[in-house]
Amino acid sequence: MSQFQAIDVNEYYDTNTFERIKSFAADKPTPFVVIDTQIIAKQYDDMVRNFPYANVYYAVKANPAPEVLSLLRDRGSNFDIASIYELDMVMNLGVTTDRVSYGNTIKKRKDVREFYARGVRMFASDSEADLRMLAEEAPGARIYVRILTEGTHTADWPLSRKFGCQNEMAYELLVLAKELGLEPYGISFHVGSQQRDIGAWDSAIGKVKVIFDRLQEEHDIKLKMINLGGGFPANYLDKTNELEMYAQEITHFLKDDFGDDLPEIILEPGRSLLSNAGVLVSEVVLISKKSYTALERWVFTDVGKFSGLIETMDEAIKFPIYTERQGELDKCVIAGPTCDSADIMYEHYSYGLPTDLAIGDRMYWLTAGAYTTTYSAVCFNGFPPLKDYYL
């Protein structure tokens, strides 16, 4: 008997939604991703309903398509921007810069100058060199400093080490910000993308509270904002708690430390707003074995790490894959089409696909609306970027 369980689409999409996506996709050449904007709207509304006291800054890097940005613009979202190119994208759609935060701690001087000239007044930082540059190119701007957090072992896609600084350095940077004529505005953190342990926010908020109190007591600096980052879940193979549970617990953590008089709270969701809305459609190119006695099949498909599925690196994000075949499932290695041997999505993780799967069949990668189009390579092996459609 197979140890694997077939993917039940109804756990991820209602029947009408999936059939509508599949019908739309039927005559399109693979690979491509279809994104249902009605699901994005619902996910955004759920975020606002569960965090009524917070300001949502959509992480544009998750998917910067005009269809997505326009929808969120009209729903009142703000935008977390990582580059001058993303700023152009949102401003070209009429988003005003009072709804923008420059959330990247790694930025060029000329880009900061341009952001400031266009009216952006809120910037992230995590180093003295960056802070001094901000004081020169964005005088008087609001500054929030990003701190390092734990929780990497419980996040599917950790975001540690590269961004943020130790608590003591954050404290000193905010003191320096005031001395440099900037406004020390708040603190940010990110507990890791697709974070399963809600307690990771508790630990981080506790650290923030200590810095808030020390700055107030020792330097009469009253910070006004906490940026809780992202990390909220999408519906992949490994289940997580519902957003409502995250909201209840995080609200409890905030009130434990700050009481009812909360500072401004910012959220930066990306994955949780977009992933559930997308289905990536690929085709089986080849099925083979590495020897006549091998027990595992290799299933090669026309999408891979370099065409949108880079988050399968180290087999971190486990996408549900649906096929229309009904055969018993057995273990497969699933790989992409390029000539790079790193282009293997699942090898060590036991992934089961139907034994009657055939060349030419379609594979539907569920929960694929975020970080697929933006991670897709431009021309590796000549393959074009991943095509995207919006319903």
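User: Does Arg132 count as buried, partly exposed or exposed?
Analyst: In this predicted model, local features need pLDDT of at least 70 and side-chain atom pairs count only at pLDDT 80 or more, while totals for chains, interfaces and linings use all residues. Residues are numbered from 1 along each chain as its sequence is written, and side-chain values use heavy atoms, with hydrogens and water left out. Buried means under 20% relative accessible area, exposed over 50%, and partly exposed in between (1.4 Å probe, protein chains only). At 37% relative accessibility, Arg132 is therefore partly exposed.

User: Which residue forms a salt bridge with Arg132?
Analyst: A salt bridge places a side-chain nitrogen of Lys or Arg within 4 Å of a carboxyl oxygen of Asp or Glu. The partner of Arg132 sits 4 residues away in helix H6 (residues 128-137), a separation of about one helical turn; helices are DSSP runs (H or I, at least four residues) and strands likewise (E, at least two), numbered from the N terminus. This partner is partly exposed, at 42% relative accessibility. With an N to O distance of 2.9 Å, it is Glu128.

User: How far apart are the closest N and O atoms of Lys22 and Glu19?
Analyst: Both residues belong to helix H1 (residues 15-25), where they stand 3 residues apart, or about one helical turn. Lys22 is buried at 16% relative accessible area, whereas Glu19 is partly exposed at 38%. Their side chains form a salt bridge, and the closest N and O atoms are separated by 3.9 Å.

User: How many residues apart in sequence are the parts that Arg297 and Asp330 tie together?
Analyst: Arg297 and Asp330 form a salt bridge, with their closest N and O atoms 2.5 Å apart. Arg297 is buried at 9% relative accessibility, while Asp330 is partly exposed at 25%. Because Arg297 lies in strand S13 (residues 297-301) and Asp330 in strand S15 (residues 329-335), the sequence separation of the parts they tie together is 33 residues.

User: Which residues are joined into one network by salt bridges that share partners?
Analyst: The model has a count of 27 salt bridges. Those that share partners link Arg109, Arg113, Glu136 and Glu137.

User: What is the area of the nonpolar surface patch that includes Leu286?
Analyst: Leu286 lies in strand S12 (residues 278-288) and is partly exposed, with 39% relative accessible area. Patch residues have over 30% relative accessible area and no salt bridge, and nonpolar side chains (Val, Leu, Ile, Met, Phe, Trp, Tyr) are joined within 5 Å, like charges within 9 Å. Areas come from the Shrake-Rupley method with a 1.4 Å probe, and for residues only the protein chains shown count as cover. The patch made by Val285, Leu286 and Ile359 has an area of about 260 Å².
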